[in-house]
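Biologist: Please take a close look at one part of this model, the helices and the core they pack against, and place it in the context of the chain and its ligand. A connected account would be preferred to a list.

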Amino acid sequence: MRRSEGPRQDAVLGRKGDAAAVGTLNELALRPIEPGDARVCHELRRRAFLEVFSRFMDETLTSAGAEAYSVSEFSQHLADMPTAVAVAGGEIVGFCTVRRRDEREAELLWLYVRLEHVRRGIGSRLARHAESLVRTRFPDVSRIVLVTGVPAYNQAFYERLGYAKLGTEVVAYPTASATMVKMGKDLHEGNDGQDGQGPTGG
Ligand SMILES: CC(C)(COP(=O)(O)OP(=O)(O)OC[C@H]1O[C@@H](n2cnc3c(N)ncnc32)[C@H](O)[C@@H]1OP(=O)(O)O)[C@@H](O)C(=O)NCCC(=O)NCCS
């Protein structure tokens with residue numbers, strides 16, 4: 001397959017039906033990040049670049065994104081920004097991190113689900129929880145945004161949660177930069193996407 005074509009979605013996203021691997025979703029718990037969680041979160045992010053984003057990005061950008069942070073830098077960022085981890089079967093299966101951008105905007109900076117466990121609702125739970133974190137921690141913010149370098153892969157996921165494309169934005173990693181897609185959602189319009197669950201659902 002040529003790199004530019006991207007993978008078949010179901011080949012990348014894994015399958016449903018083997019919930020025993022993570023325990024059932026009923027066992028999924030969200031909690032604030034703890035210092036010992038940073039290494040796992042760093043690896044979840046790095047793997048997403050190397051194993052998924054690499055099929056949509058060129059090699060230089062993939063590598064720049066994957067290696068953008070050392071574990072200790074990442075750990076510091078996670079400690080500095082509101083972050084929650086999703087735990088199932090005693091294992092961290094995803095995390096989300098938000099940050100304030102300015103007086104009206106916050107950003108869903110990181111949202112990563114362990115690749116073996118995608119398409120089981122974990123990402124949606126974390127995304128809603130991220131919105132809840134923004135409402136709680138930055139109550140005067142009216143919009144949550146995110147920037148994705150792989151819209152062909154994850155834009156539909158965000159659209160389902162009520163996000164819409166706003167434009168583009170340049171993202172700079174230490175060794176490469178790229179124009180990426182900016183998406184956003186008004187937090188005060190009750191626009192929570194197709195499934196209608198509120199932002200505190202996570
Ligand atoms: C994108 C990501 C967070 C989604 O998490 P997830 O747990 O798989 O998402 P959910 O199971 O909650 O998906 C809910 C719905 O969104 C849609 N969806 C999810 N991922 C999708 C994708 N890659 N492409 C198209 N639709 C998708 C589907 O409609 C899905 O419902 P369905 O499984 O019943 O069809 C996850 O795939 C991931 O971490 N990927 C790697 C990292 C990444 O892309 N992070 C975002 C950085 S900007």
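**From an exposed loop to the packed helices**

Modeller: Glu-103 is located in the loop that joins S3 and S4. The model is a predicted one, and this loop residue is a convenient point of entry. Because Glu-103 has 9 C-beta neighbours inside 10 Å, and 12 or fewer make a residue exposed, Glu-103 counts as exposed. Its C-alpha atom is separated by 9.9 Å from that of Arg-143, although the two residues are 40 residues apart along the chain.

The loop belongs to a protein chain with 6 helices and 7 strands. Their order along the sequence is α-β-α-α-α-β-β-β-α-β-α-β-β. Of the 202 residues in the protein chain, 36% are buried. Among contacts with a separation of 6 or more, 66% are between residues 24 or more positions apart.

Helix H2 (residues 38-51) is the part to examine in detail. Its 14 residues should span 20 Å at 1.5 Å a residue, and the end C-alpha atoms are indeed 20 Å apart, so the expected and modelled values agree. The buried residues of H2 are Ala-38, Cys-41, His-42, Arg-45, Ala-48 and Phe-49. Viewed down the axis of H2, these buried residues fall within an arc of 125°, and therefore they line one face of the helix. The cover over the buried residues of H2 includes helix H3 (59-66), H4, strand S2 (83-88), strand S3 (91-100) and S4.

Two of these covering helices can be described further. In H3, the residues Leu-61, Thr-62, Ala-64 and Gly-65 are buried. Seen down the axis of H3, the buried residues fall within an arc of 165°, so they too line one face of their helix. The packing partners of the buried residues of H3 are H2 and strand S7 (177-186). On the face turned away from this buried side, H3 carries the exposed residues Glu-59 and Thr-60.

H4 (residues 71-80) contains Ser-75. This serine counts as partly exposed because it has 19 C-beta neighbours inside 10 Å, and 20 or more would be needed for a residue to be buried. A separation of 7.3 Å lies between the C-alpha atoms of Ser-75 and Arg-39, which are 36 residues apart along the chain.

The nonpolar interior comes next. In soluble globular proteins, nonpolar side chains tend to be buried together. Here the largest nonpolar core has 47 residues, of which Phe-95, Cys-96, Ala-130 and Val-134 touch the most other members. Leaving aside residues up to four places away in sequence, Val-134 touches Val-98, Ala-106, Val-141, Ile-144 and Leu-187.

The ligand completes the account. It is surrounded by 21 residues, and the closest are Val-113, Val-118, Gly-123, Ser-124 and Phe-157. At least two residues of this shell are supplied by each of helix H1 (9-13), strand S4 (105-113), helix H5 (122-137), strand S5 (143-148) and helix H6 (151-160). H6 gives the largest share, 5 residues. By class, the shell consists of 12 nonpolar, 6 polar and 3 charged residues. S4 thus appears in two settings: it is among the elements that cover the buried residues of H2, and it also supplies residues to the shell around the ligand.

How values were computed: Residues are numbered from 1 along each chain as its sequence is written. This is a predicted model: local features need pLDDT of at least 70, side-chain atom pairs count only at pLDDT 80 or more; totals for chains, interfaces and linings use all residues. A residue is near a molecule or strand if its C-beta atom, placed from the backbone, lies within 6 Å of it. Helices (H or I, at least four residues) and strands (E, at least two) are DSSP runs, numbered from the N terminus. Ala, Val, Leu, Ile, Met, Phe, Trp, Tyr, Cys and Pro count as nonpolar, Asp, Glu, Lys and Arg as charged, and the others, Gly among them, as polar. The expected span of a helix is 1.5 Å times one less than its number of residues. The arc is that of the directions from the helix axis to the C-beta atoms. Two residues are in contact if their C-beta atoms, placed from the backbone, lie within 7 Å. A nonpolar core is a set of buried Ala, Val, Leu, Ile, Met, Phe, Trp, Tyr and Cys residues joined through C-beta atoms within 7 Å.
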